[in-house]
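Thanks for sharing this one. Below are a few notes to read alongside the coordinates, grouped by region.

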Amino acid sequence: MNRAGRDEPDLYDVAPAAADAGLTIRGAVERGAFRLDVDLAVAPGEVLGVLGPNGAGKTTLLRALAGLTALNDGTITLGGHRLDDAAKGVTLPPEQRPVGVVFQNYRLFPHLDVRDNVAFAARCAGAGQRAARGRADRWLDRLGLAELADRRPGQLSGGQAQRVALARALAAEPRLLLLDEPLAALDARTKLEVRAELRRHLTDFPGPTLLITHDPLEAMVMTDRLLVLENGRIVQQGTPGDVARRPATQYIARLVGLNLYRGTAADGGAVHLSGGGTLHTAPGTTLGGAAGTGDDNAAAVLLAIRPTAIALHTSRPEHSSPRNVWTGAVAGLELLTDRVRVQVDGTIPALVDVTPAAVTELDLTAGARIWLSAKATDIDIYPDPRQP
Amino acid sequence: MPLLALLVRAPWRGMSRLLADGAVLTALRLSLECATAATGLSLLLGVPLAWVLARTTIPGLALLRALVTLPLVLPPVVGGLALLLAFGRNGILGRHLDAWFGVTLPFTTAGVIVAETFVAMPFLIVTVEGALRSVDRDLEEAAATLRATPITVFRRVTLPLIRPSLLAGSVLCWARALGEFGATITFAGNFPGTTQTMPLAVYNALETDPQAAIALSLVLLTVAVAVLAALRDRWLRGGATL
């Protein structure tokens, strides 16, 4: 079966100069008051993670790429072929797109056994039953699922169903792979097991891959590049490490467990926070190259402080080697495995990690008045990557 | 209770004599054939109609739904009369059928099938429409991302998923067609051999030989129960365990 020969006539040709195996989407989808507006590219073999809170537009993005929702604006190009062109009214229906989808709840066909689920795409492409099943068996072998071939989806565990869904999508030999929270429905133990394996299969996949998730760990471990989507807009892009170290929004900061403050840089390392108060950073900290992004005003910056880098005191600390001292009220305590995370409210709210012993020592009860201190050198300062 | 009365009052002794009559077998065979043909016709017309009712948003959908379910509340005799006015030799459609194709429906076996379909098809449509509404649309979407065209999606995913309801609807439809009386006698008449189905034979016998009427009723009852029981066991259960 010559795949290229089968698919080519279905696809809409763009200028050959633009031909490469990557994906670009530059466009918008409107659903009532919600608008998803993105401009992104994924290279062949690259796994792009899309991270964002519920309702950020992650699933809408996936549906647009799969052809299940039409673009209101813009274009989608895959491997040099136009899949969508809103201006020309072109939207290839899902069955004509070389796009494979692993849905969140897998969506395996309950009336077919595992083999026929995986053979489904080949059957739809016109292959005979024997040929299609033979190909399905090869895919099942490749993913180590051969012994499940005769089972019905109802007889599979969550992890097995996830793998079958991946096999079914890959068996259609897509050029773009979309995964919608592939591990969300699994329990913690299975997740660990499936995560490593899925990562391996994604590495083998030659085309671009988009992995949608709201699990930061999943995003860190499985993706090459991360894109943060909030309210239908891209708010940050970068390697998983960069995003985790220097989050651009409170949402990410909370996910990775950092205190994040927005403010404007003044002289001598002082930063006036937009929520009130001032924090001092180590003088001479450079703001990377982005400090002069054209803003005539003082540079918009973000400050990140690890919860372990903040100290708590019952009274104003005397020998003030830390340059930042402020006060707040204890709002909540949460036991992490070996530490207690203290939530402090005030002009400069903060999450602070202390030892369980410190909790009794400091008499941390809800509403208690407390002093906080942080060294200037423990505050990471970086330009606000969000466009104003 | 009425069924019990039928059993109590049955002329068990003269049964063999009453049933040896060839006309009974003819009527029985005609009943089964026509009910089966009417079910087939209902599937052919009813499934697409159910799909339109369940999945489209064309204007006039409410009216169409009302029209489709009308035969459920209409007295069958009125249905037969309506059929006669439409498909009769001088009916608005029948006139053309006759002139162009030389086809006449009233008072023929084909007429019996049309009358039974008219009365029984709503049972199938209502059942299948409900099933189509409750089918997991997510699975149909998944099929589309696996290169299935809308027709293939319907054939390979939707139909298998609604199979239990399709079978249940067909059985209901068949049972209703088997017992159909009013529309049949109005539209197709009561001619032994061509249009006299079992219910009509029972009605005839009631006027001449009440004993025979009871015997015929019992035969109809037995056959219907046997067929329904067999279908339930073999198909419906198989469908339920998908």
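1. Let's begin with Ala50 in chain B, bearing in mind throughout that this is a predicted model. Leaving out residues up to four places away in sequence, Ala50(B) touches Ile125(B), Val128(B), Glu129(B) and Leu132(B). Ala50(B) itself sits in helix H3 of chain B, which covers residues 22-55. Is Ala50(B) buried or exposed? With 26 other C-beta atoms within 10 Å, and 20 being enough to qualify, Ala50(B) is buried. For a sense of distance within the chain, the C-alpha atoms of Ala50(B) and Pro192(B) are separated by 35 Å, and the two residues are 142 apart along the chain.

2. Next, the contact between the two chains: 18 residues of chain A meet 15 residues of chain B. On the chain A side, strand E8 (99-102) and helix H3 (114-124) are the elements that each give two or more residues. By class, that side of chain A has 13 nonpolar, two polar and three charged residues.

3. The largest nonpolar core is worth a look too. It has 155 residues, and Leu65(A), Val118(A) and Leu178(A) have the most contacts inside it. Helix H7 of chain B (residues 109-134) supplies the largest share of this core, 14 residues. Setting aside neighbours within four places in sequence, Leu178(A) contacts Leu62(A), Leu65(A), Ala66(A), Val99(A), Gly100(A), Val101(A) and Leu210(A).

4. Helix H4 of chain A (residues 129-142) makes a nice worked case. Its 14 residues reach 20 Å from first C-alpha to last, close to the 20 Å expected at 1.5 Å a residue. Which residues of H4(A) are buried? They are Ala132(A), Ala136(A), Trp139(A) and Leu140(A). Seen down the axis of H4(A), these buried residues fall within an arc of 100°, so they line one face of the helix. That buried set packs against H3 and helix H5 (158-171) of chain A, while Arg130(A) and Asp141(A) are exposed on the face turned away from the buried side. Just after H4(A), Gly144(A) has a positive phi of about 70°.

5. Finally, some strand pairing in chain A. Strand E16 (residues 300-305) pairs with strand E13 (residues 259-265) in the antiparallel sense over six bridges; here Leu303(A) is the bridge partner of Tyr261(A). E16(A) also pairs with strand E22 (residues 380-383), again antiparallel, over four bridges. In that pairing, Val301(A) stands opposite Pro383(A) of E22(A).

Conventions:
Residues numbered from 1 in each chain as written. Chains lettered and ligands numbered in written order. Predicted model: local features only at pLDDT ≥ 70, side-chain atom pairs only at ≥ 80, totals over all residues. Buried ≥ 20, exposed ≤ 12 C-beta atoms within 10 Å, placed from the backbone. Contact = placed C-beta atoms within 7 Å. Nonpolar A, V, L, I, M, F, W, Y, C, P; charged D, E, K, R; others polar. Pairing = 2+ DSSP bridges. Core = buried A, V, L, I, M, F, W, Y, C linked by C-beta atoms within 7 Å. Expected span 1.5 Å × (residues − 1). Arc of directions from axis to C-beta.
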